[in-house]
Amino acid sequence: MDNAYVLWGFKVGAAVLAEDGKIYAGCNVESWISGIGICAERCAIDHAVSHGSRKIKEIAVVTSADSQSEPRPCGVCLQYIYDFAENPKIKVVMAKAENGKILFETVKVKTIGELLPYPFKK
Ligand code: THU
């Protein structure tokens, strides 16, 4: 989250536990053109895939404590998490963070199947 490139939004960080047992981190990277940047979750998943790990076992997302929004993956990220999830029961851990520390009272855990019950599938 500290490395997030923020022009108009707020800082977000994500980390995925990938099938190779490693944790791949990501952050949101914004552009002045809305839609060109990337969310932290997709950045973290792309990080895992670009290291050869294509399935994820768990994902955590943190947003900066000063953001007004609840820490939640957006709809696009929910589909992307589903696409790369080992199974629909993988956990999505959501929290706010401040000064490098998780605010424990904000932590929520749901499965990707709960957050996206009707994913797009081929
Ligand atoms: N953002 C994420 O990185 N992940 C989410 O799930 C929601 C939103 C980013 C996008 C944008 O850079 C900023 O947070 C504000 O919307």
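**Notebook: salt bridges and the ligand site**

I began with the charged pairs and counted 3 salt bridges in this model, which is a predicted one. One of them joins K57 to E86, and I noted that the closest N and O atoms of this pair are 2.9 Å apart, which falls inside the 4 Å allowed for a salt bridge. I then looked up where the two partners sit: K57 belongs to strand β3, residues 56–64, while E86 is in the loop between α2 (75–84) and β4 (91–98), so the salt bridge ties together parts that lie 29 residues apart in sequence.

Next I turned to the ligand, and I found that the space it takes is the largest pocket. I listed the residues that surround the ligand, and these are W8, G9, F10, V12, N28, E30, C39, A40, E41, R72, P73 and C74. When I sorted this shell by class, I got 7 nonpolar, 2 polar and 3 charged residues.

Which residue places a polar side-chain atom 2.9 Å from an oxygen atom of the ligand? I found that this residue is N28. For R72 I noted a polar backbone atom 3.0 Å from an oxygen atom of the ligand, and for C74 a backbone N or O atom that lies 3.1 Å from a ligand oxygen atom. Last, I looked up how much of the ligand is covered, and the protein covers 83% of the 370 Å² of accessible area that the ligand has on its own.

Terms used. Residues numbered from 1 in each chain as written. Predicted model: local features only at pLDDT ≥ 70, side-chain atom pairs only at ≥ 80, totals over all residues. Heavy atoms only, no water. Near = heavy atom within 4 Å. Polar contact = N/O pair within 3.5 Å; in protein donor to acceptor, adjacent residues only side chain to side chain. Areas by Shrake-Rupley, 256 points an atom, 1.4 Å probe, with all protein chains shown as cover. 1 Å grid on protein atoms, 1.4 Å probe; cavity = no way out; pocket = protein on both sides within 12 Å on 5 of 7 lines; lining within 4 Å. Sits in = over half its atoms within 2 Å of the grid points. Nonpolar A, V, L, I, M, F, W, Y, C, P; charged D, E, K, R; others polar. Salt bridge = Lys/Arg side-chain N within 4 Å of Asp/Glu carboxyl O. Helix = DSSP H or I, 4+ residues; strand = E, 2+ residues; numbered from the N terminus.
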